[in-house]
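Trainee: I should like to learn how to read a few features of a structure, beginning with the surroundings of a single residue. May we look at one together?

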Amino acid sequence: MAQLYQFEGYAIVSADDKIADAEGTKPAVLGHPADWARFQAALDQAAIIVIGRRSHEATPNPEGRNRLVMSRQIERLERREDGTWWNPADVPLDDALAMAAPGGGLVAIPGGREVFDYFLGVGFDAFHLSRLPMVLLPGGIPVLSSYDEGLSAEAVLDGAGLEPGEIEILDASVGLSVTVWRR
């Protein structure tokens, strides 16, 4: 499977490593046009996008991109009009990808947290970590569960065998940067 698919995560986080507020919603303050354009260009190149159910339901898909929706709300694997729905507790990732993106290619993984945690176990080939250092989301949802153990996103990615590339500044006026961590 490793030769057929390339797993790349994409997240924009606050200064305190959060991807959503306390209600589980991504607030507008955690978005930026430069990051959004970069992210959309990456999704355009993906063979499939793996996304959590809540993120899928909150994010329209007008481009009709191929989505694999991780959900415990279903049994096994289902093809639906809005994508392929997959319960990773019941169906191995290889089987889900073979059904949803049999030709291989880039697997873009925009989360949420449970999706990121799952793919930490699988092994990311790269993780695009964008950060808005002027934004804080107290009580929000961290990008990775290891935050609850006091680990930063960077520490977790490092511990997973990924190495940081150069920090790219997307908007100096707000401190928005992205670092691509690669295996």
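Mentor: Certainly. Leaving aside residues up to four places away in sequence, S130 touches A11, I12, V13, D35, L176, S177 and V178. Please bear in mind that this is a predicted model.

Trainee: Where does S130 lie, and is S130 buried or exposed?

Mentor: S130 lies in strand β8. Its relative accessible area is 2%, and buried means under 20%, so S130 is buried.

Trainee: How should I read a helix that has a buried side? Which residues of α1 are buried?

Mentor: The general idea is that an α-helix has 3.6 residues a turn, so residues three or four places apart point the same way. Here, helix α1 covers residues 33–45 and reaches 19 Å from its first C-alpha to its last, close to the expected 18 Å. Its buried residues are D35, F39, Q40, A42 and L43. Viewed down the axis of α1, these fall within an arc of 160°, so they line one face of the helix. On the other side, P33, D44 and Q45 are exposed.

Trainee: What covers the buried residues of α1?

Mentor: The covering elements include β1 (5–14), β3 (48–52), β7 (105–111), β8 (126–132), β10 (163–171) and β11 (176–182).

Trainee: How do I read a strand in the same manner? Which way do the residues of β4 point?

Mentor: In strand β4, R67 and V69 point one way, L68 and M70 the other way, and all are buried. β4 pairs in the parallel sense with β3 over four bridges, and I51 stands opposite V69. β4 also pairs in the parallel sense with strand β6 (residues 83–86), over three bridges; there, T84 is the bridge partner of L68. Finally, β3, helix α2 (residues 53–58) and β4 form a right-handed β-α-β unit.

Trainee: How are aromatic pairs described, and how many does the structure hold?

Mentor: A pair of aromatic rings is described by the distance of the centres and the angle of the planes. The structure holds nine aromatic pairs. In one of them, the rings of Y10 and F39 have centres 5.9 Å apart and planes at 55°, so the pair is tilted. Y10 belongs to strand β1 and F39 to helix α1, so the pair ties together parts that are 29 residues apart in sequence. Both Y10 and F39 are buried. For F124 and F127, the ring centres are 5.1 Å apart and the planes stand at 85°, so that pair is edge-to-face. F124 and F127 are buried as well.

Trainee: Which residues do ring pairs link into a cluster?

Mentor: The cluster consists of Y5, F7, W86, F116, Y118, F119, F124 and F127.

Key
Residues are numbered from 1 along each chain as its sequence is written. This is a predicted model: local features need pLDDT of at least 70, side-chain atom pairs count only at pLDDT 80 or more; totals for chains, interfaces and linings use all residues. Side-chain values use heavy atoms; hydrogens and water are left out. Helices (H or I, at least four residues) and strands (E, at least two) are DSSP runs, numbered from the N terminus. The expected span of a helix is 1.5 Å times one less than its number of residues. Buried means under 20% relative accessible area, exposed over 50%, partly exposed in between (1.4 Å probe, protein chains only). The arc is that of the directions from the helix axis to the C-beta atoms. Contact means heavy atoms within 4.5 Å. Two strands pair if DSSP finds at least two bridges between them. A crossover is right-handed if, with the strands pointing away from the viewer, the path from the first strand over the helix to the second runs clockwise. Rings of Phe, Tyr and Trp (its six-membered ring) pair if their centres lie within 6.5 Å; planes under 30 degrees apart count as stacked, over 60 as edge-to-face and the rest as tilted.
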